[in-house]
Amino acid sequence: MRIQLTRLDSPLCPVIALREYLAVRGLYGPLFVFSDGSHLTRHRLSGFIQQCFPHMSLDTHSFRIGGASLAAQSGIPPL
């Protein structure tokens with residue numbers, strides 16, 4: 001799978017943020033690793049989403065379908 005990041009002229013540039021993260025974390029293993037060495041799982045991400053949006057019915061599926069809808073609207077063909 002290929003994920004394309006676009007550089008932004010902003011303090012929230014995903015390209016710069018990922019480069020800085022990888023400089024600290026390294027290039028091997030799971031992309032998102034916590035300081036205790038554990039990695040990000042779907043279950044853990046769902047918990048974070050629920051903590052951030054306690055009054056909304058959101059989960060990881062909401063992000064997958066949202067991303068797929070945006071890709072379709074942008075003319076990106078399905079895999």
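**Contacts, helices and rings**

User: Which residues does Thr60 touch, leaving out those up to four places away in sequence?
Analyst: Thr60 touches Arg42, Leu45, Ser46 and Ile49. The model is predicted. Thr60 itself is found in helix 3.

User: Is Thr60 buried or exposed, and what makes it so?
Analyst: Its relative accessible area is 9%. Buried means under 20%, so Thr60 is buried.

User: What makes the contact between helix 2 and helix 3?
Analyst: Helix 2 contributes Arg42, Leu45, Ser46 and Ile49. From helix 3 come Thr60, Phe63 and Arg64.

User: Why are helix 2 and helix 3 called roughly perpendicular?
Analyst: Their axes cross at roughly 95° and come within 9 Å. Angles of 65 to 115 degrees count as roughly perpendicular. The crossing falls in that range, so the label holds for helix 2 and helix 3.

User: How do you know that the span of helix 3 agrees with what its residues should give?
Analyst: Helix 3 covers residues 60-73, which is 14 residues. At 1.5 Å a residue these should span 20 Å. The end C-alpha atoms are 20 Å apart, so the two values agree. Just after helix 3, Gly75 takes a positive phi of about 85°.

User: What about helix 1, with its 12 residues?
Analyst: Helix 1 reaches 16 Å from its first C-alpha to its last. That is close to the 16 Å expected at 1.5 Å a residue. Just after helix 1, Gly26 has a positive phi of about 100°.

User: Why does Ala17 of helix 1 count as partly exposed?
Analyst: Its relative accessible area is 45%. Partly exposed lies between 20% and 50%, so Ala17 fits that class. Ala17 and Cys52 are 35 residues apart in sequence, and their C-alpha atoms are 21 Å apart in space.

User: How many aromatic pairs are there?
Analyst: The count is 2.

User: What makes the pair of Tyr21 and Phe32 tilted?
Analyst: The ring centres are 6.0 Å apart, and pairing needs centres within 6.5 Å. The planes stand at 35°. Stacked needs under 30 degrees and edge-to-face over 60. Neither fits, so the pair is tilted.

User: Which parts does the pair of Tyr21 and Phe32 tie together?
Analyst: Tyr21 lies in helix 1 (residues 14-25). Phe32 lies in the loop between helix 1 and helix 2 (42-52). The pair therefore ties together parts 11 residues apart in sequence.

User: How do you know which exposure class Tyr21 and Phe32 belong to?
Analyst: Tyr21 has 24% relative accessibility. Phe32 has 47%. Partly exposed runs between 20% and 50%, so Tyr21 and Phe32 each count as partly exposed.

User: What makes Arg44 a charge over the ring of Phe34?
Analyst: Arg44 lies over the face of Phe34, at 3.7 Å from the ring centre. The distance limit is within 6 Å, so 3.7 Å meets that limit.

Definitions and conventions: Residues are numbered from 1 along each chain as its sequence is written. This is a predicted model: local features need pLDDT of at least 70, side-chain atom pairs count only at pLDDT 80 or more; totals for chains, interfaces and linings use all residues. Side-chain values use heavy atoms; hydrogens and water are left out. Helices (H or I, at least four residues) and strands (E, at least two) are DSSP runs, numbered from the N terminus. Buried means under 20% relative accessible area, exposed over 50%, partly exposed in between (1.4 Å probe, protein chains only). A charge sits over a ring if NZ of Lys or CZ of Arg is within 6 Å of the ring centre and within 35 degrees of the ring normal. The expected span of a helix is 1.5 Å times one less than its number of residues. Axes are lines fitted to C-alpha atoms, for helices over the stretch in contact, and angles run from 0 to 180 degrees between N-to-C directions. Angles under 35 degrees count as roughly parallel, over 145 as roughly antiparallel, 65 to 115 as roughly perpendicular and the rest as oblique. Contact means heavy atoms within 4.5 Å.
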